[in-house]
Amino acid sequence: MSIEAMTAVLHHSQAKGTTKLLLLGIANHQGDTGAWPSIQTLTKYTGTSKRRVQQALSDLVQLGEISITYADGQNG
């Protein structure tokens, strides 16, 4: 867990609502090589559907707050 990453989200993120909560969940997994929570974990954190998590991830990419590298090596 990265308290520093979570603090940065709280103070500097442009995201709002569920999208910001999702970003906090990602920050909770931050380590030396990035953050790698599963979609299933993120749905638990946000209390939303897989589709809503995917949309929020897309929103965060559009905001420039995250970049995504999938476990199989494909960029999204």
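Here is a short conversation about a predicted model, centred on helix H4 and the helices around it.

Visitor: Which ground rules apply to this model?
Guide: Residues are numbered from 1 along each chain as its sequence is written, and side-chain values use heavy atoms, with hydrogens and water left out. Because the model is predicted, local features need pLDDT of at least 70 and side-chain atom pairs count only at pLDDT 80 or more, while totals for chains, interfaces and linings use all residues.

Visitor: What span does helix H4 reach from its first C-alpha to its last?
Guide: Helices here are DSSP runs (H or I, at least four residues), numbered from the N terminus. H4 covers residues 50–63, which makes 14 residues. The expected span is 1.5 Å times one less than the number of residues. That expectation is 20 Å, and H4 comes close to it, reaching 20 Å.

Visitor: What arc do the buried residues of H4 cover around the axis?
Guide: Buried means under 20% relative accessible area, exposed over 50%, and partly exposed in between, with a 1.4 Å probe and protein chains only. In H4, the buried residues are Val53, Ala56, Leu57 and Leu60. They sit on the same side of H4, because the arc, taken from the directions from the helix axis to the C-beta atoms, is only 105°.

Visitor: Which exposed residues does the face of H4 turned away from its buried side carry?
Guide: The buried residues of H4 pack against H2 and helix H3 (39–46). On the face turned away from that buried side, the exposed residues are Arg51 and Gln62.

Visitor: How are H2 and H4 arranged relative to each other?
Guide: Axes are lines fitted to C-alpha atoms, for helices over the stretch in contact, and angles run from 0 to 180 degrees between N-to-C directions. The axes of H2 and H4 come within 9 Å and cross at roughly 85°. Angles under 35 degrees count as roughly parallel, over 145 as roughly antiparallel, 65 to 115 as roughly perpendicular and the rest as oblique. H2 and H4 are therefore roughly perpendicular.

Visitor: Which residues in H4 does H2 meet?
Guide: Contact means heavy atoms within 4.5 Å. From H2, the residues taking part are Thr18, Thr19, Leu22, Leu23 and Ile26. Their partners in H4 are Arg52, Val53, Ala56, Leu57, Asp59 and Leu60.

Visitor: Is threonine 19 buried or exposed?
Guide: Threonine 19 has its place in helix H2 (residues 17–28). Not counting residues up to four places away in sequence, threonine 19 touches Arg52, Ala56, Asp59 and Leu60. Its relative accessible area is 6%, so threonine 19 is buried.

Visitor: Is lysine 50 buried or exposed?
Guide: Lysine 50 lies in helix H4. Leaving aside neighbours within four places in sequence, lysine 50 is in contact with Ile39 and Thr43. With a relative accessible area of 53%, lysine 50 is exposed.

Visitor: How are H3 and H4 arranged relative to each other?
Guide: The axes of H3 and H4 come within 9 Å and cross at roughly 95°. Ile39, Leu42, Thr43 and Thr46 of H3 make the contact with Lys50, Val53 and Leu57 of H4. Given that crossing angle, H3 and H4 are therefore roughly perpendicular.

Visitor: Which residue follows H4, with a positive phi?
Guide: The helix itself takes in residues 50–63. The phi of the residue that follows is near 80°, and that residue is glycine 64.

Definitions and conventions
Helix = DSSP H or I, 4+ residues; strand = E, 2+ residues; numbered from the N terminus.
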